[in-house]
Amino acid sequence: MAASGPSVARAWSNERVRALVVQAAVLAGIVALLAWLVANTAHNLETRGLKTGFGFLKDPAFFDINQKLIEYSSRSSFGRALLVGLLNTLLVSALGIVAATILGFAAGMLRLSRNWLMARLATAYVEFTRNVPLLLQLIFWWSLLTGLPGVQDSLSLGNVAFLNNRGARLPAPSAEPGFGMVLAGAGMAVVAAIAVSAWAKRRRLATGRGFPVAAIAIGLIVGVPTTLFLALGQPLAWDVPQPGRFNFTGGIQVTPELVALWWALSVYTGAFIAEGVRGGILSVARGQTEAAYALGLSRGATMRKVVLPQALCAIVPPLTSQYLNLTKNSSLAVAIGYQDLVSVGGTVLNQSGRALEVVSIWIVVYLGLSLLTSLFMNWYNRRIALVER
Amino acid sequence: MSTFHRTTAEMVTPRPPPPLSRGVIGWLRANLFSSWFNAAMTLLAVYLLWLLVPGILRWGLLDADFAGTTRFDCQSAGACWAWVDQRIYQFLYGFYPPEQAWRVNLALTLLIPALLPVLFDRMPGARWARWFSLAYPFVAAFLLVGGYGLAEVPTDRFGGFMLNVAVGLAGILLSLPFGILLALGRRSQLPLVRLLSTAFIETFRGIPLVTFMFAAALLLPIFLPPRFNLDLIMRVIILVTMYASAYIAEVVRGGLQSLPRGQYEAAQALGLGYWRAMRLVILPQALKVSIPGIVNTFIALFKDTTLVIVIGLFDILNIGTSMIANPNWLGLGTEVYAFISIFFFVICFAMSRYSLHLERRLDVGR
């Protein structure tokens, strides 16, 4: 024993040995904790007579979902129900991301506007929205929407769209023969516009001569489909909702839950994006703006060609985390009954009693979504990163 | 060669700028009507204000009713604020016994002496006062729950705004030590520790808080032995702490990264071991830089405490939504939501200003 003292001390002073020992201890601790949790879980499940496993996903769900993007009925399985919920999460997140980006960029730039009044208004919007809980805002908008007049007294928007306490009824487009041609034309126009801009960029780098890329691209993308659309005799019919006895017929029904959630998420996240945009623009050194003015660029051109491209590098990382937040926050749907993944999962959980399985599905799906979003945004971030020469 | 000089004995007083670029008119021209686009924006903004402000003022103040015992006492066209007087206790304290409400107030008041020595390190006696800061969470928990001579208040009586504050504060205070450990773990030299910390942080940041609420209600009882038998609010606080520690970890990591390498090397050169270097040199500096981020995390968490309503706890929002289902106050949604919004807004806005101020001060210091 006496001889082992110094040798242990010597081994302990060796950094690699110490690292190994510490990590082994950490690992042992974690494994012990997990084993304890698993043992508890197994014991609790047994005493409560609960089963485990994902087999229940094939069982019929016996509950209805009114907001669905794919075929679903109450005879469908739990798994199908969760898939419907996931698609609803994706739907509201995608809609929200688009609207929040537009709102956020607009508000962020308005806060820096030279117009004193507009800048103050944008500040008021950002500060108020950021400092009030999202759930409160969501419930507020939802209560406004469900407080609208009933079907009989719907608010009409030009007699094609209607708003009432059951949500919005919008005209539904339906394609007629020949509409495929219009879509194909639009696709070709986009390809052509990309080709033109690539060619113009190469020529500008080689010769320094400019080319009105934006005008031509917009002309192509708008002009080609419009011409085809008119030439083919407008092959798109609008199924306009008609007031019926009890409800409207035709058109698309958008639930107040979807509208409220989409609007609340966009307004809330837009305020955070606005802060990121403002910070990004402010992070561009003032000398850049002054140099652009000195070169005779207009205010708009300075913003578009000098400030924004540099600001984007500072805007994209916080933007990514706001997109992730929006997707995660869409789970507040459960409070107003929009049937997203968490809301449907909650129902599945109540019906089947499989808490462990449902929560692990949530975890896997949300982690997957956030991983995908960050991968995409990191790719975009690398693309726009400043190339230092 | 001759040059011409013209000299005067006195300073020529500068002429005043043209009248249109001075005073109110000059300010208006520069800030509101500098171009046709700017002028259009101004008109749009004025139109928006004209749409919103008079309507809100008339509804909320001028045409509003303030007295009465039910909504039927409110006869005018505007808002009905009569409930505020009747229900304010419930909004603030939930179902906490009114004769014990002083304990809630005292716990909240004691927060000030607990925070002061952390925020102002040059305060006289800060070294001793920090012991109180460390003890504060236990003191507050003792005051709220009771026992040992104080009348016990079961946690299911907690509610209203006090529940939001309690869950938010407990979550952030308890998550600080875990967050710091996780941040150190994520920057550790040991690959296994780094991997585990990173996995924990990224997993917990990737999952919505609602999921944690459900887990607190349904999953935690399955994970723990039956004899633990924690009540719902305790379980919520445990999971909120885990959730918040992932965010705190990222804030602290930012603080650690902002320190120059020289600090680490100097600490090593002085012969300090890892923990002593962290405790004496690195963390005091890194945590100071992290305070604004911690405040921001707290604001976010505090707002998110309203999510407890999905598992049926009665925080201020749930007290409000259940009140407007009561026939006496039916349909006063807008009033209730406006009231609660103002509550949160005042507190969160004040804290965010404070964190901004700290950020600027710290920036100057470096």
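How many bridges join β1(A) to β2(A), and do these strands run parallel or antiparallel? Three bridges join them, and the two strands run antiparallel. I will start from that pair and work outwards. Please keep in mind that this is a predicted model.

First, the turn. β1(A) and β2(A) form a hairpin, and three residues lie between the two strands. One residue in that turn is G158(A), which has a positive phi of about 60°. As for a specific pair across the hairpin, L157(A) has A161(A) of β2(A) as its bridge partner.

On the other side of the story is β3(A). Strand β2, residues 161-164 of chain A, is joined by three bridges to strand β3, residues 167-170 of chain A, and these two also run antiparallel. They too form a hairpin, here with two residues between the strands. Two pairs can be named. F162(A) stands opposite R169(A) in β3(A), and N164(A) stands opposite G167(A) in β3(A).

Now the faces of β2(A). In a regular strand the side chains alternate between the two faces of the sheet. For β2(A), the covered face holds F162(A) and N164(A). The uncovered face holds A161(A) and L163(A). So that you can place them again: A161(A) is the residue that bridges to L157(A).

These strands belong to an open sheet of four strands in chain A, with the order β1-β2-β3-β8 and antiparallel pairing. Which strands are at the edges? They are β1, residues 155-157, and β8, residues 252-254, of chain A, and each of them pairs on one side only. On average, neighbouring strands of this sheet are turned by 20° against each other, with direction ignored.

Next, the layout of chain A. Its domain assignment gives domain 1 as 4-48, domain 2 as 78-143 + 255-384, and domain 3 as 174-239. The C-alpha centres of domain 1 and domain 2 of chain A are 41 Å apart.

Moving to chain B, I begin with two helices. Helix α3, residues 82-93, and helix α6, residues 160-186, of chain B have axes that come within 1 Å and cross at roughly 15°. Angles under 35 degrees count as roughly parallel, and α3(B) and α6(B) are therefore roughly parallel to each other. From α3(B), the contact uses Q90(B), F91(B), L92(B) and Y93(B). From α6(B), G160(B), F161(B) and M162(B) take part. By class, this contact has five nonpolar, two polar and no charged residues.

One loop residue in chain B deserves a mention. Y148(B) is in the loop between α5 (126-145) and α6 of chain B. Its phi is near 50°, a positive value in a residue other than glycine. Is Y148(B) buried or exposed? With 7 other C-beta atoms within 10 Å, Y148(B) is exposed, because 12 or fewer such atoms count as exposed.

Last, the contact between the chains. It takes 43 residues from chain B and 43 residues from chain A. On the chain B side, the elements giving two or more residues are α2 (36-62), α7 (191-206), α8 (209-223), α12 (316-323) and α13 (333-365). Which element gives the most to that side? α13(B) does, with nine residues. By class, the side of chain B that touches chain A has 30 nonpolar, 12 polar and one charged residues.

That is the end of my tour.

Terms used: Residues are numbered from 1 along each chain as its sequence is written. Chains are lettered from A and ligands numbered from 1 in the order in which they are written. This is a predicted model: local features need pLDDT of at least 70, side-chain atom pairs count only at pLDDT 80 or more; totals for chains, interfaces and linings use all residues. Domain bounds come from an automatic or database domain assignment. Two strands pair if DSSP finds at least two bridges between them. Axes are lines fitted to C-alpha atoms, for helices over the stretch in contact, and angles run from 0 to 180 degrees between N-to-C directions. Two residues are in contact if their C-beta atoms, placed from the backbone, lie within 7 Å. Ala, Val, Leu, Ile, Met, Phe, Trp, Tyr, Cys and Pro count as nonpolar, Asp, Glu, Lys and Arg as charged, and the others, Gly among them, as polar. Angles under 35 degrees count as roughly parallel, over 145 as roughly antiparallel, 65 to 115 as roughly perpendicular and the rest as oblique. A residue is buried if 20 or more other C-beta atoms lie within 10 Å of its own, exposed if 12 or fewer, and partly exposed in between; C-beta atoms are placed from the backbone.
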